[in-house]
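Student: I am new to this structure and would like a close look at one part of it. Could you take me slowly through the place where two strands run side by side, and then show me what surrounds them?

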Amino acid sequence: MRRTVLEQFPAGGPRGSRPAEEFAAALRGEGTAAEVVMDLERDAFLVVVPQQTTEGAGRPR
């Protein structure tokens, strides 16, 4: 599955701070299917959404 990265947050934030989770939760509250994944190479948390398909693809006619 392809995903689009919306935002990136450093993994070394203050203890108890979860800015990536808070950002994703706000997006989910607006109806966007956002989730947080860890990018080990960048040592960062990424907020991602499923990549949108081309318009009209997959819809029955």
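Tutor: Let us begin with the pairing itself, keeping in mind that this is a predicted model. Strands β2 and β3 pair in the antiparallel sense, and five bridges join them. One of the positions to look for is V37, whose bridge partner in β3 is L46. The two strands form a hairpin with four residues between them, and in that turn D43 has a positive phi of about 55 degrees.

Around the hairpin there is also a charged pair to find, for D39 forms a salt bridge with R42, with 3.1 Å between the closest N and O atoms. D39 is buried, because its relative accessible area is 16%, which falls under the 20% limit used for that word.

A search of the whole structure finds two salt bridges, and the other one to visit takes us to E35, whose side chain meets that of R3 in a salt bridge at 3.6 Å, N to O. This pair links distant parts of the chain, since R3 lies in strand β1 (residues 3–10) and E35 in strand β2 (residues 35–39), 32 residues apart. Both ends of the pair can be described by their exposure: R3 is partly exposed, with a relative accessible area of 41%, and E35 is likewise partly exposed, with a value of 33%. As a general point, side chains of opposite charge can pair when their charged atoms come close.

Now turn to the nonpolar side chains at the surface. M38, which has its place in strand β2, joins L40 and F45 in making a nonpolar surface patch of about 300 Å². M38 is partly exposed, with a relative accessible area of 35%.

β3 also contributes to the interior of the model. The largest nonpolar core has seven residues, namely F9, A20, A24, L27, A34, V47 and V49, and the elements that give two or more residues to this core are α1 (19–29) and β3 (44–50). The largest share, three residues, comes from α1. To see how one core residue meets its surroundings, follow L27, which touches L6, T32, A34 and V47 when residues up to four places away in sequence are not counted. Among these contacts of L27, A34 and V47 are themselves members of the core, and so the view that began with the paired strands β2 and β3 ends at a core to which β3 gives two or more residues.

Technical notes
Residues numbered from 1 in each chain as written. Predicted model: local features only at pLDDT ≥ 70, side-chain atom pairs only at ≥ 80, totals over all residues. Heavy atoms only, no water. Salt bridge = Lys/Arg side-chain N within 4 Å of Asp/Glu carboxyl O. Buried < 20%, exposed > 50% of the residue type's maximum accessible area, 1.4 Å probe, protein only. Core = buried A, V, L, I, M, F, W, Y, C linked by side-chain atoms within 4.5 Å. Contact = heavy atoms within 4.5 Å. Pairing = 2+ DSSP bridges. Patch = residues over 30% accessible without salt bridge, like charges linked within 9 Å, V, L, I, M, F, W, Y side chains within 5 Å. Areas by Shrake-Rupley, 256 points an atom, 1.4 Å probe, with all protein chains shown as cover.
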